[in-house]
Amino acid sequence: MKDIVRVDKDKSFIMYVFPVVIFIIGLLFLYNYYTLSKGRYIYYNEESNVNYNVCLKQNEFYENKCLEKNNQYVASLIDYIPANFNYKLNFLNSDLEYTYSYRMVATFNVKDSSSEKILFTKDDILYTSPEKKATNGVAIDYNLSIDYNKYNDLLNNFINIYDLSQTTNELKVSMDVFINGQGDEKFGDINTSKATSLTIPLTTKTVNIDINGTTMNSNDNRIHVQPTKSYTPLLILGVVFVVIALGLLILILDLIKKNRTVQEIYDNRIKKITLAYDAYIQKITGDYPIGASQICKVSSFQDMLEIKESSEKPLLMLENKEKTGTFFLIPVGEGVIYTYAIRVVDIESEIKGTKAPEYDVEDIKENKPEKKTYTIDKIKEDIKNTTEIEILDDCNAILGTKNSDEDLYEQLGKTSEYRFRK
């Protein structure tokens, strides 16, 4: 027997490994695309505070020119308010490149005392810093002299023109910080608007006023950092590599299947049957005592299962010593044996096309068939039909191991049904 060209096992292993490696590379491309394109989160800390003094006009009551913060002050004596705004931001465990800038804004508000609705507002930008690069954090320390009388005079004019009396008025001086990512990443919104501020009440009356400054100290804030460049090439490469790997795997499996030896095909078919129907099959040897019998060949293994169920007879498996052929037998009685064979010689002829197979060797279900329930009358009828078959051809009969020393497998192979003809 001449085998089909065999694929070397070492080469087969390499052929399997190659598409797997390509597939893994494709998955790595896809993973990198997913992680890089969605950006990342980084953590940062913020700290800010404001300090101020209140400097007074020339007067005969106060010895010191400037008073400390957290006191009450006579509005008509205030000259100017020196203030120090301090802000710090630190990114944790990050190698980001970014720029920052800040500005000082004075917001003048006039509100209705009863409804708290704003009647008039005005922003005055006092200072705008140049943009600066940073990698190790932001530290801003800015001193500002607030012209209190400028805004108080503005309030007086507004109230006198519109004849307002019941109003709540304030001047809010705040520091706004702007941070922008550089390079391949950009920030989401960092809540640094009005990082720190100073609120100064305004009034037309000579009464005591309170000045309030805001401070901030927050830890473990989180911000989303989004990449600015596109990672679509990684997505394309990942898809291409995965498709190539799957295509190669299909081609290799097809090639290996086509280059299997006849013996490998035979072993695979036998294994497929025994794994699926081990509970149904009883293995026998070549000297199993079967008497002279008529051989009835069936077209598929599924037919054998149906005959077994209807006849309630054992399904026997007989393989030769060389492991090149197997007969499946169901002796139904009255000298009749149903048979189904898988043999290397038949498979080889089937592949070469020199002998068309007379039975379906692939008609094997993966799952065990469902048990069928038959009535007693049905079983008797089936047995009667199989035991009353007339022996028409002695060439398709065996003498059996009771009457012959010849191996049972050899006897089956010499019958007209199974005699190999080239």
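**Figure 1. Lys-323 counts as partly exposed, at 46% relative accessibility.** Buried denotes a relative accessible area under 20%, exposed one over 50%, and partly exposed a value in between, with a 1.4 Å probe and protein chains only. The structure is a predicted model, in which local features need pLDDT of at least 70 and side-chain atom pairs count only at pLDDT 80 or more, whereas totals for chains, interfaces and linings use all residues. Residues are numbered from 1 along each chain as its sequence is written, and side-chain values use heavy atoms, with hydrogens and water left out. Lys-323 is found in the loop between β18 and β19. Although Lys-323 is not a glycine, its phi is positive, at about 60 degrees. Helices and strands are DSSP runs numbered from the N terminus: helices are H or I with at least four residues, and strands are E with at least two.

**Figure 2. Glu-312 lies in the loop between α5 and β18.** This residue is not a glycine, yet Glu-312 has a positive phi of about 55 degrees. With a relative accessible area of 59%, Glu-312 is exposed.

**Figure 3. The whole chain contains 8 helices and 21 strands.** Of its 422 residues, 40% are buried. The accessible surface comes to about 24,800 Å², and carbon and sulfur atoms account for 50% of it. Such areas come from the Shrake-Rupley method with a 1.4 Å probe, and for residues only the protein chains shown count as cover. Contact means heavy atoms within 4.5 Å. Among contacts between residues at least 6 apart in sequence, 75% join residues at least 24 apart.

**Figure 4. Helix α4 (residues 262-277) packs with helix α6 (residues 344-352) at an angle of about 115 degrees.** Their axes are 9 Å apart. Each axis is a line fitted to C-alpha atoms, for helices over the stretch in contact, and angles run from 0 to 180 degrees between N-to-C directions. The crossing of α4 and α6 is right-handed. A crossing is called right-handed if the near helix is turned clockwise from the far one by less than a right angle, and left-handed if anticlockwise. From α4, the contact is made by Val-262, Gln-263, Ile-265, Tyr-266 and Arg-269; from α6, by Val-344, Ile-347, Glu-348, Glu-350 and Ile-351. By class, 6 of these residues are nonpolar, 1 is polar and 3 are charged. Here Ala, Val, Leu, Ile, Met, Phe, Trp, Tyr, Cys and Pro count as nonpolar, Asp, Glu, Lys and Arg as charged, and the others, Gly among them, as polar.

**Figure 5. The buried residues of α4 and α6 are covered by other elements of the chain.** In α4, the buried residues include Ile-265, Arg-269, Ile-270, Ile-273, Ala-276 and Tyr-277. An α-helix has 3.6 residues a turn, so residues three or four places apart point the same way. The buried residues of α4 pack against β16 (281-284), α5 (301-311), β18 (315-319), β19 (325-333), β20 (336-343) and α6. In α6, Val-344, Asp-346, Ile-347, Glu-348 and Ser-349 are buried, and their cover includes α4 and β20. The 16 residues of α4 should span 22 Å at 1.5 Å a residue, and this agrees with the 23 Å between its end C-alpha atoms. The expected span is 1.5 Å times one less than the number of residues in the helix.

**Figure 6. Helix α2 (residues 148-162) agrees with its expected span.** For its 15 residues, 21 Å is expected at 1.5 Å a residue, and the end C-alpha atoms are 22 Å apart. Buried in α2 are Tyr-148, Asn-149, Tyr-151, Asn-152, Leu-155, Phe-158 and Ile-159. Just after α2, Asp-163 takes a positive phi of about 55 degrees.

**Figure 7. Tyr-142 is found in strand β9 (residues 138-146).** Tyr-142 is buried, with a relative accessible area of 15%. Not counting residues up to four places away in sequence, Tyr-142 touches Ala-83, Asn-84, Phe-85, Tyr-102, Met-104, Tyr-127 and Met-175. The C-alpha atoms of Tyr-142 and Met-104 are separated by 9.2 Å, and these residues are 38 apart along the chain.

**Figure 8. Ile-252, in helix α3, is in contact with Met-15 and Pro-19, leaving aside neighbours within four places in sequence.** At 10% relative accessibility, Ile-252 counts as buried. Ile-252 and Pro-19 are 233 residues apart along the chain, yet their C-alpha atoms are separated by 9.0 Å.
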